[in-house]
Amino acid sequence: MAISQNFPEEGPTLNLNFAGSKTLDPRITFSRTSIGTYMDDSGLIVTAPTDSPRFDHSDVTGESLGLLVEEQRTNLIQYSVVSTANWTISGQTPVSLSLNALGVFPGVRIASGGFVYDGARHPNITLTSGTTYTVTWYFRKGDVNPSNKFRAIIRDVPAAKVTSFEKSSASTDYGDINSYSFSQGTLATTNFEILSVDTLADGLTYKLCIRFDAAASSDYRFMFQTNSATVGETIIALGLQVEAGAFPTSYIPTSGSTVTRNPDNPYIEGTKFTEFYNSTEGSAVCHFSSPTEYGRTNASPFVFSINRNTIGWGHYVSSSGASISLFRNSSNSNEAFLNTGSAAGTTDQNRKLSVGYKLNDFAQYLNIGGGNVSERTDTLGEVRNDINAFAFNPQHSGLQHFSGHIKNFSYYPTKLTNTQLQTLAK
């Protein structure tokens, strides 16, 4: 086969390059009934108003990641910015700074008074037994007599049980996950994991993400600690986020109460949908990335759906199991419409997904992290004739919302050959 036959001869009728353009196509309706934050190309956290899209960037490399789409989350910490006014500080007298780290954190210099547990403590919050929580800690190493150490604790206050994790060696790198260890022997938590440690783009700020299950329904305390018994050694505490869920999401600022960021819902409907969609055959290609800690739940999120409604209704089928059909309707397995596979995996990897549909001719190809392309095909099925909408982050009872970045998406009004679909997924 000639190389040209591996690629479509005609271009797509819908071509969305979010990572490149950092704009929203006028055919897309976007809603999010709250503010949301994202990282700009300068490495600063920026707030997007209600119903405004977020074009996010890597907080480590500054790379444009595309359209940020997230599920609903709540920051359970009432004061997400560490301050001497709202946090309890132990040790030597703390110093309020004006660092403007990431554009939002002034910073508080915390100095040991001679005990490893000296530090900054947020007011207690209530957690629920068995619920999975993810915590994001923002901090910098000390700028006065630094010990190059760090410790944080999660404490079940009434039971006096503590989970601690720390960087105990002065010679290791703050941004290396292997520099950290943890202890949960007293069972304040179960299933504790250090998910990631990153040196952010400014070269000064560290972001450490951990995950755990609460061992009891109780009041819990979260604390930054110097981890040094040498008087005067310092760390700089910046901010904290605690959210119920198996992976971290974008920063949710709080000041005196918990705050909920509502889900992002980009969709196309009406004549804006019918002008690019072919009801008898078609193909779609999506390049995306996502947090991939979905393995703790039974539900699998879908990146996009071409369906009968935009939000809140649909028949969705996970592609994470080998026995699951690619396309089906719950009332008639031979009546097909287009849904995508789940974003499950083990790391935050880039993914390319291509799908094609036509009477008795369905195919799906998925490439995770640049590896081998998986293939699924089906030669039995009709195409629905009542499709009327397209949505990223499709929602349906019993399934999680997709959370991640849509880099680009293309729709072709013909069923491309399986060879072409496979090529486009590479």
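In this predicted model, the backbone oxygen of Phe-247 lies 2.8 Å from a polar atom of the side chain of Arg-73. Arg-73 makes a good starting point for a tour of the structure. This arginine belongs to strand β7 and, with a relative accessible area of 4%, is buried, because buried means under 20%. A second polar contact, of 3.0 Å, joins its side chain to that of Glu-71. Arg-73 also forms a salt bridge with Glu-243, in which the closest N and O atoms are 2.9 Å apart. That pair links distant parts of the chain, with Arg-73 in strand β7 and Glu-243 in strand β20, 170 residues apart. Both partners, Arg-73 and Glu-243, are buried.

The surroundings of Arg-73 fit in with this picture. Leaving aside neighbours within four places in sequence, the contacts of Arg-73 include Glu-243, Ala-244, Gly-245, Ala-246 and Phe-247. Thr-249, Ile-252, Val-259, Thr-260 and Arg-261 are also in contact with Arg-73. The C-alpha atoms of Arg-73 and Ala-244 are separated by 7.3 Å, although their positions lie 171 residues apart along the chain in the sense of sequence distance.

Salt bridges recur elsewhere, and a search of the whole structure finds 16 of them. In one, Arg-27 and Glu-275 meet through their side chains at 3.6 Å, N to O. Arg-27 sits in the loop between α1 (18–21) and β2 (29–31), and Glu-275 in the loop between α2 (271–274) and β23 (282–289), so the pair ties together parts that are 248 residues apart in sequence. How do the two partners stand with respect to solvent accessibility, buried or exposed? Arg-27 counts as buried at 18% relative accessibility, whereas Glu-275, with a relative accessible area of 54%, is exposed.

Another salt bridge is formed by Arg-261 and Glu-70, whose closest N and O atoms are 3.4 Å apart. Since Arg-261 lies in strand β21 (residues 259–261) and Glu-70 in the loop between β6 (64–69) and β7 (73–75), this pair ties together parts that are 191 residues apart in sequence. Arg-261 and Glu-70 are both buried. These two residues also take part in a network of salt bridges that links them with Arg-32, Arg-54 and Asp-264.

Arg-54 leads on to Thr-37, a residue of strand β3 that has Arg-54 among its contacts. Not counting residues up to four places away in sequence, Thr-37 also touches Ile-45, Val-46, Thr-47, Leu-68, Ser-250, Tyr-251 and Pro-253. The side chain of Thr-37 reaches the backbone oxygen of Tyr-251 at 2.5 Å, and Thr-37 is buried, with a relative accessible area of 3%. Strand β3 (residues 36–39) runs antiparallel to strand β4 (residues 45–48), and four bridges join them. Within this pairing, Thr-47 of β4 is the bridge partner of Thr-37. The hairpin has five residues between the strands, and Gly-43 takes a positive phi near 85 degrees.

Strand pairing can also be followed in an open sheet of six strands, arranged in the order β9-β10-β20-β13-β18-β17 with antiparallel pairing. Each of β9 (95–96) and β17 has a single partner strand and stands at an edge, so one side of each is left without a neighbour in the sheet. Inside the sheet, β13 and β18 run antiparallel and are joined by eight bridges. Here Tyr-133 stands opposite Phe-212 in β18.

Several of these strands return in the largest nonpolar core, which has 34 residues; Trp-137, Phe-150, Ile-210 and Phe-222 touch the most other members. Among the strands that each supply at least two residues of this core are β10 (108–111), β13 (132–141), β17 (189–199), β18 (206–214) and β20 (234–244). The largest share, five residues, comes from β18. Apart from this core lies another, of 29 residues, including Phe-276, Cys-286, Phe-304 and Phe-409.

Cysteines complete the survey. Cys-286 is buried, with a relative accessible area of 0%, and Cys-209 is likewise buried, at 2%. How many disulfides does a search of the whole structure find? The result is zero disulfides.

How values were computed: Residues are numbered from 1 along each chain as its sequence is written. This is a predicted model: local features need pLDDT of at least 70, side-chain atom pairs count only at pLDDT 80 or more; totals for chains, interfaces and linings use all residues. Side-chain values use heavy atoms; hydrogens and water are left out. A nonpolar core is a set of buried Ala, Val, Leu, Ile, Met, Phe, Trp, Tyr and Cys residues joined through side-chain atoms within 4.5 Å. Buried means under 20% relative accessible area, exposed over 50%, partly exposed in between (1.4 Å probe, protein chains only). Two strands pair if DSSP finds at least two bridges between them. A polar contact is a pair of N or O atoms within 3.5 Å; within protein, one must be able to donate a hydrogen and the other to accept it, and residues adjacent in sequence count only if both atoms are side-chain atoms. Contact means heavy atoms within 4.5 Å. A salt bridge is a side-chain nitrogen of Lys or Arg within 4 Å of a carboxyl oxygen of Asp or Glu. A disulfide is a pair of cysteine sulfur atoms within 2.5 Å.
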